[in-house]
Amino acid sequence: MRRTFIRLVVLGLALGLVLGAVVACGEEEEPEPTADIQATIEVAVQAATPTETPTPEPTDTPEPPPEPTADIAATVAAAIAAAAPTAAPAPTATPVPEPTATPVPTNTPVPTPTPTPLPEQSSGPPCIIAGTVRINNSPAPAGFPVIARSQTGDVEVETVTDEEGRYVLQITNFDMVFDLFVAGNDTNQDSPITSRGCRVIRNLTVG
């Protein structure tokens with residue numbers, strides 16, 4: 001296509017030059033200097049030819065620098081170190097105190113029973129309870145025990161019979177009533193309320 005266009009341009013220029021020469025000859029003017037047809041054609045061709053943008057030659061793509069060789073041993077060692085659990089610090093042993101000697105218990109003294117205080121004895125002449133003791137309707141032998149025991153149980157007064165079976169109790173605790181016993185047997189007889197200087201006869205029988 002380009003060549004055909006160039007040829008047409010060249011033919012057009014040549015035809016124009018010929019017509020110009022014929023017209024000049026008809027007018028009989030002085031002849032013009034002969035045109036340099038070859039130079040004219042080259043100028044026309046250059047003017048008609050589009051300027052081609054020079055295609056830059058492809059430059060060589062620089063090769064990427066070689067990757068550094070991985071230190072496999074160092075990588076493996078780092079991975080193992082990261083995966084290994086951190087060792088916990090060893091617990092400090094707490095010193096166990098030595099057991100102290102168990103104190104030997106001391107013997108606790110047996111508490112001494114506190115005696116029940118007897119009713120305060122009154123001063124002055126005692127209250128006398130006297131009589132005879134018969135056992136199975138016979139006089140009691142000498143030395144047979146006779147006891148006067150307060151009904152509150154906190155006072156006892158004791159005596160013994162003589163050869164004739166007689167007894168005498170002297171009581172210095174007043175305003176009290178006493179039960180009368182012979183050799184541990186209750187005679188079912190009581191004393192009156194004792195008072196200072198009282199005199200009471202109680203004949204006792206058991207069996």
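**Strand contacts, core and loop geometry in the predicted model**

Arg134 touches Pro139, Ala140, Leu204, Thr205 and Val206, not counting residues up to four places away in sequence. The model in which these contacts are found is a predicted one. Arg134 belongs to strand E1 and is partly exposed, its relative accessible area being 33%. In sequence, Arg134 is separated from Glu164 by 30 residues, and the C-alpha atoms of the two lie 9.9 Å apart in space.

Strand E1 (127-135) is followed by a loop that leads to strand E2 (138-139) and holds Asn136; Asn137 is likewise placed in the loop between E1 and E2. Most residues other than glycine have a negative phi. Asn136, although not a glycine, has a positive phi of about 55°, and Asn137, also not a glycine, has a positive phi of about 65°. With a relative accessible area of 54%, Asn136 is exposed. Asn137 counts as exposed as well, because its relative accessibility of 62% is over the 50% cut-off.

The loop between strand E4 (156-160) and E5 contains Thr161. This residue is buried, because its relative accessible area of 4% falls under the 20% cut-off. The side chain of Thr161 reaches the backbone oxygen of Pro141 at 2.5 Å. Beyond its neighbours within four places in sequence, Thr161 is in contact with Val133, Ala140, Pro141, Ala142, Gly143, Phe144, Val146, Arg166 and Tyr167.

The largest nonpolar core comprises 17 residues, of which Tyr167 and Leu169 touch the most other members. Two or more residues are given to this core by each of E1, strand E3 (145-150), strand E5 (166-171), strand E6 (178-182) and strand E9 (204-206). When neighbours within four places in sequence are left aside, the contacts of Leu169 are Cys127, Ile128, Ile129, Val146, Ala148, Val157, Glu158, Thr159 and Leu180. Val146 is thus listed among the contacts of Leu169 and also among those of Thr161. Tyr167, one of the two residues that touch the most other core members, is in contact with Thr161.

Aromatic rings were also examined. The count of aromatic pairs comes to zero. A charged group does, however, lie over a ring: Arg149 is placed over the face of Phe181, at 4.6 Å from the ring centre.

Key. Residues numbered from 1 in each chain as written. Predicted model: local features only at pLDDT ≥ 70, side-chain atom pairs only at ≥ 80, totals over all residues. Heavy atoms only, no water. Helix = DSSP H or I, 4+ residues; strand = E, 2+ residues; numbered from the N terminus. Buried < 20%, exposed > 50% of the residue type's maximum accessible area, 1.4 Å probe, protein only. Phe/Tyr/Trp six-rings, centres within 6.5 Å; stacked < 30°, edge-to-face > 60°. Lys NZ or Arg CZ within 6 Å of the ring centre and 35° of its normal. Core = buried A, V, L, I, M, F, W, Y, C linked by side-chain atoms within 4.5 Å. Contact = heavy atoms within 4.5 Å. Polar contact = N/O pair within 3.5 Å; in protein donor to acceptor, adjacent residues only side chain to side chain.
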